[in-house]
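Student: Could we go through this model together, one question at a time?
Tutor: Gladly, have a look at it and then we can begin.

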Amino acid sequence: ARDKLWRRLLMPSVHQALRDAGSVMAVYAPIRDYLPPDIAERTVVVPNVVGVTVRPTVSERSGAPMRALWLGRQMPGRDPRPIIAGLKVTPNVEMTLIGDGPLHDAARRTAEDNDLGRRTTFIRAMENHELCASLPRYDVLVVNSAFREMPKTVMEAALSGLPVIVNRLPAAESPEYSNLPVLFVDADSGSYASALRDLESNSRKRITLARATQDAAWQLWDPDKVATQTADILRALVTGAH
């Protein structure tokens, strides 16, 4: 109820800002579908990549459990509990969840109820520069989102060489995901467990996928190119050329 009220109060100001804007920068392509046609025409997609500046080396870690990572808010529409439950049948996988939200306590209870306390680590918040520096320590990013989006967390993890496991719908409807060699799954614990078990049991496949993911991500979201694109748009607005 609070969120609905907040959105309703913001709506007039947001609509007026969009109408007055010389240009609109969308951080992923599906945003255009939710804008009025005249505003969508003035919209440029500029990925929200800010934290990865150097391409890390993808290397294999031998003799250790596979390290899965969840990034972002834990909330309705971004629910980590099916992934956590899938760990029960993937004993050689550990998982770190970075983020807070209304489902945070419920996610912790899911881990406790499945006796996964030793294989799950919960971190409520982390500075972005620290988070991006830590990404190469993990082996795979796991996503469960009901939103048509390409979060910066997925972009930065892919730039760091993490394969991405994500629920098929609505991710498959986003152009950004179609250009990335992700593993699509159903949004249930069994499907996540199967994908995790496949990567954990085949390190060669995991490394091959990691390198392919990183190659694609740097083609799509090279931070230097994104910064240049942003600067060009701002310069054009200042000079009146836009």
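**Fold, pockets and local details**

Tutor: P170 has its place in helix α7, residues 168-171 (helices, H or I of at least four residues, and strands, E of at least two, are DSSP runs numbered from the N terminus). This is a predicted model, in which local features need pLDDT of at least 70 and side-chain atom pairs count only at pLDDT 80 or more, while totals for chains, interfaces and linings use all residues. Residues are numbered from 1 along each chain as its sequence is written, and side-chain values use heavy atoms, with hydrogens and water left out.

Student: Which residue does a cis peptide bond join to P170?
Tutor: Omega for this bond is about 10°. The partner in the cis peptide bond with P170 is L169.

Student: How many helices and how many strands does the chain have?
Tutor: Helix α7, where P170 sits, is one of the helices. The chain's full count is 11 helices and eight strands.

Student: What radius of gyration does the chain have, and why does it agree with a compact globule?
Tutor: The radius is taken over C-alpha atoms, and the globule rule is 2.2 Å times the number of residues to the power 0.38. For 242 residues the rule gives a value near 18 Å, so the chain agrees with it at 19 Å.

Student: What percentage of the residues is buried?
Tutor: Buried means under 20% relative accessible area, exposed over 50%, and partly exposed in between, using a 1.4 Å probe and protein chains only. Of the 242 residues in the chain, the buried ones make up 45%.

Student: Is T96 buried or exposed?
Tutor: T96 is found in strand β4, residues 93-98. Its contacts (heavy atoms within 4.5 Å), leaving aside neighbours within four places in sequence, are A68, L69, W70, T121, I123 and Y138. With a relative accessibility of 8%, T96 counts as buried.

Student: Which residue has a positive phi although it is not a glycine?
Tutor: Look in the loop between α4 (104-113) and β5 (120-123). The residue there is exposed, with a relative accessible area of 72%. Its phi is about 55°, and the residue is D115.

Student: How much space lies in the largest pocket?
Tutor: On a 1 Å grid over the protein atoms alone, a pocket is an open set of points with protein on both sides within 12 Å along at least five of seven lines, whereas a cavity is a set where a 1.4 Å probe fits but cannot get out; lining residues have an atom within 4 Å of a point. Grid points are joined across faces, edges and corners, and a volume is the space filled by probe spheres set on the points. The largest pocket is lined by 16 residues, with R7, Y28, I31, Y34 and F147 nearest its centre. Its space comes to about 500 Å³.

Student: Which elements each supply at least two residues of the lining of the second largest pocket?
Tutor: This pocket holds about 190 Å³ of space. Its lining has 15 residues, and L71, G72, R78, P151 and T153 lie nearest the centre. The elements are β3 (66-71), β6 (140-143) and α6 (152-159).

Student: Which residues line the largest cavity?
Tutor: A search of the whole structure finds one cavity of 30 Å³ or more. About 30 Å³ of space lies in the largest cavity. Its lining is V143, S145, F147, E149, V166, N167, A171 and Y177.
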